[in-house]
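Subject: Structure for you to look at

Hi,

Here is the structure I promised to pass on. Could you open it and read my notes alongside?

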Amino acid sequence: MAIDEELAARLRHRLEGLEGVSEKKMFGGLCFLVNGHMVAAASRSKAGERRFLFRVGKGNAEAAARLGHPQPMVHGGRKMTGFYYLDADDLSDPVFDEWVSIALENAFSLPPKS
């Protein structure tokens, strides 16, 4: 996987002005964190698929399902609860904003990492 700079810029713009935002290369892409907790990532799959990965948390699975067709993240053969991939090219701005909002809510609900 590789970082998709256009998608990273879309996330960067949406998170601009929030305190505690940082960036880190993880999960084959560029992750955006708030207070040390992952919010989202931008990447390209090996097949070239442009996608976002959102961490919305276990308690937001129903909200995630209502927002479209998320694909649960599978890492090391294990389904990662609360992590969802979305095709970036099929994600409208209003739905993108909803995903970011849910992921931010999750990140801010967790105690800051030191």
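Let me start with D4, which sits in the segment before helix α1, residues 5-15. Please keep in mind that this is a predicted model. D4 has a relative accessibility of 3%, so it counts as buried, the cut-off for that being under 20%.

What does the side chain of D4 reach at 3.0 Å? The partner there is the backbone nitrogen of L7. The D4 side chain also makes a polar contact, at 3.1 Å, with the side chain of R44. If you leave out residues up to four places away in sequence, D4 touches A42, S43, R44 and R50. R44 thus turns up both as a polar partner of the D4 side chain and among the residues that D4 touches.

On annotation, UniProt has an unreviewed entry that places the feature "domain: TfoX N-terminal" at residues 15-107. In the model, 24% of that span is helix and 44% is strand. The C-alpha atoms at its two ends lie 12 Å apart.

Next come the aromatic rings. How many aromatic pairs are there? The count comes to 5. Take F54 and F96: their ring centres are 6.2 Å apart and their planes meet at 65°, so this pair is edge-to-face, as the angle is over 60 degrees. F54 belongs to strand β4 (residues 50-55) and F96 to helix α3 (residues 93-108), so the pair ties together parts 42 residues apart in sequence. Are these two residues buried or exposed? Both F54 and F96 are buried.

A second pair to look at is Y84 with W99. With ring centres 6.1 Å apart and planes at 55°, the pair is tilted. This pair, too, links distant parts of the chain, with Y84 in strand β6 (residues 78-87) and W99 in helix α3, 15 residues apart. Y84 and W99 are both buried as well.

If you display F52, F54, Y84, F96 and W99 together, you will see a cluster linked by ring pairs.

Finally, two arginines are worth a look for where they sit relative to rings. R10 lies over the face of F96, at 4.2 Å from the ring centre. F96 therefore has a place in the edge-to-face pair with F54 and also has R10 over its ring face. The other arginine, R51, lies over the face of Y85, with 3.8 Å to the ring centre.

Happy browsing, and do write back with any thoughts.

Best wishes

Definitions and conventions. Residues are numbered from 1 along each chain as its sequence is written. This is a predicted model: local features need pLDDT of at least 70, side-chain atom pairs count only at pLDDT 80 or more; totals for chains, interfaces and linings use all residues. Side-chain values use heavy atoms; hydrogens and water are left out. Helices (H or I, at least four residues) and strands (E, at least two) are DSSP runs, numbered from the N terminus. Buried means under 20% relative accessible area, exposed over 50%, partly exposed in between (1.4 Å probe, protein chains only). A polar contact is a pair of N or O atoms within 3.5 Å; within protein, one must be able to donate a hydrogen and the other to accept it, and residues adjacent in sequence count only if both atoms are side-chain atoms. Contact means heavy atoms within 4.5 Å. UniProt positions are given in the numbering used here, feature names are shortened, and annotations may be inferred rather than shown by experiment. Rings of Phe, Tyr and Trp (its six-membered ring) pair if their centres lie within 6.5 Å; planes under 30 degrees apart count as stacked, over 60 as edge-to-face and the rest as tilted. A charge sits over a ring if NZ of Lys or CZ of Arg is within 6 Å of the ring centre and within 35 degrees of the ring normal.
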